[in-house]
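Dear colleague,

Please find below the structure that I would like to hand over to you. My findings follow directly after it.

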Amino acid sequence: MDARGAVQLSTGDLFRAHIVQGTDLGKLAQSYMSKGQYVPDEVTVNMVRARLGEIPTTTRIIFDGFPRTVAQAEQLAGLLKERGRRLGGVLVLDVPREELLARLTKRAQVEGRPDDTPEVIGKRLDVYEQQTRPVIEHYEKQGLLRRISGTGTIEDIAKRLVAAAEVPVTG
Ligand code: AMP
């Protein structure tokens with residue numbers, strides 16, 4: 001895994017772009033996002049498939065916020081295989097729940113993201129525990145997982161991420 005020259009593929013950003021453009025997908029996504037729920041796997045994976053088709057297969061990709069369910073992880077494996085790609089590794093940022101709550105509450109004040117209200121934040125963290133925690137185990141079994149401490153300054157965390165992305169996976 002090497003972060004240099006990579007393209008970021010953030011499903012949250014893609015959904016937000018659809019919402020701004022007022023597309024049908026945006027309207028559908030918003031109905032889930034506003035409640036702190038995940039957008040259905042099929043919708044999410046189809047959007048990722050479309051975006052993947054726009055990125056040359058020689059360009060590295062950093063997925064951000066995807067896959068968030070085991071079903072998404074399984075379907076991602078198929079999508080990558082179809083395009084002759086391989087998953088170089090999976091980075092997990094460990095941050096205590098209290099700190100996440102504090103950060104998201106602060107982001108709500110700064111950026112005004114509609115899904116950063118206290119109610120929706122709590123729901124998002126619960127959904128993460130139920131649906132995304134198992135994804136960590138899924139990749140751990142495959143020897144692809146790297147855990148990084150997500151506490152400290154943004155600069156410290158960024159350094160840890162870059163360093164972790166540069167170590168080859170031996171799984
Ligand atoms: P994020 O910007 O990654 O925090 O995502 C914001 C919201 O978009 C999430 O709370 C979900 O409602 C939706 N979302 C983003 N990525 C995914 C995904 N991989 N699967 C399902 N829903 C997603």
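A polar backbone atom of glutamine 37 is 2.7 Å from an oxygen atom of the ligand. This distance, like the others in this message, is taken from a predicted model. The side chain of arginine 16 also takes part: one of its N or O atoms is 2.8 Å from an oxygen atom of the ligand. At glycine 65, a polar backbone atom lies 2.9 Å from a nitrogen atom of the ligand. On its own, the ligand has 480 Å² of accessible area, and the protein covers 94% of that area.

The surroundings of the ligand may be described next. There are 16 residues around the ligand, and those that come nearest are Thr11, Arg16, Gln37, Arg68 and Gln72. Which helix contributes the largest share of this shell? That helix is H1, which spans residues 11-21 and supplies 4 residues. By character, the shell consists of 5 nonpolar, 6 polar and 5 charged residues.

A further point concerns the aromatic rings. A pair of such rings is described by the distance between the centres and the angle between the planes. The search of the whole structure found 1 aromatic pair. Its members are phenylalanine 63 and phenylalanine 66, with 5.8 Å from centre to centre and 45° between the planes. The pair counts as tilted because its angle is neither under 30 degrees, as in stacked rings, nor over 60, as in edge-to-face rings. Are these two residues buried or exposed? Both phenylalanine 63 and phenylalanine 66 are buried.

Yours sincerely,
A colleague

Definitions and conventions: Residues are numbered from 1 along each chain as its sequence is written. This is a predicted model: local features need pLDDT of at least 70, side-chain atom pairs count only at pLDDT 80 or more; totals for chains, interfaces and linings use all residues. Side-chain values use heavy atoms; hydrogens and water are left out. Rings of Phe, Tyr and Trp (its six-membered ring) pair if their centres lie within 6.5 Å; planes under 30 degrees apart count as stacked, over 60 as edge-to-face and the rest as tilted. Buried means under 20% relative accessible area, exposed over 50%, partly exposed in between (1.4 Å probe, protein chains only). A residue is near a molecule or strand if one of its heavy atoms lies within 4 Å of it. A polar contact is a pair of N or O atoms within 3.5 Å; within protein, one must be able to donate a hydrogen and the other to accept it, and residues adjacent in sequence count only if both atoms are side-chain atoms. Accessible areas come from the Shrake-Rupley method with a 1.4 Å probe; for residues, only the protein chains shown count as cover. Helices (H or I, at least four residues) and strands (E, at least two) are DSSP runs, numbered from the N terminus. Ala, Val, Leu, Ile, Met, Phe, Trp, Tyr, Cys and Pro count as nonpolar, Asp, Glu, Lys and Arg as charged, and the others, Gly among them, as polar.
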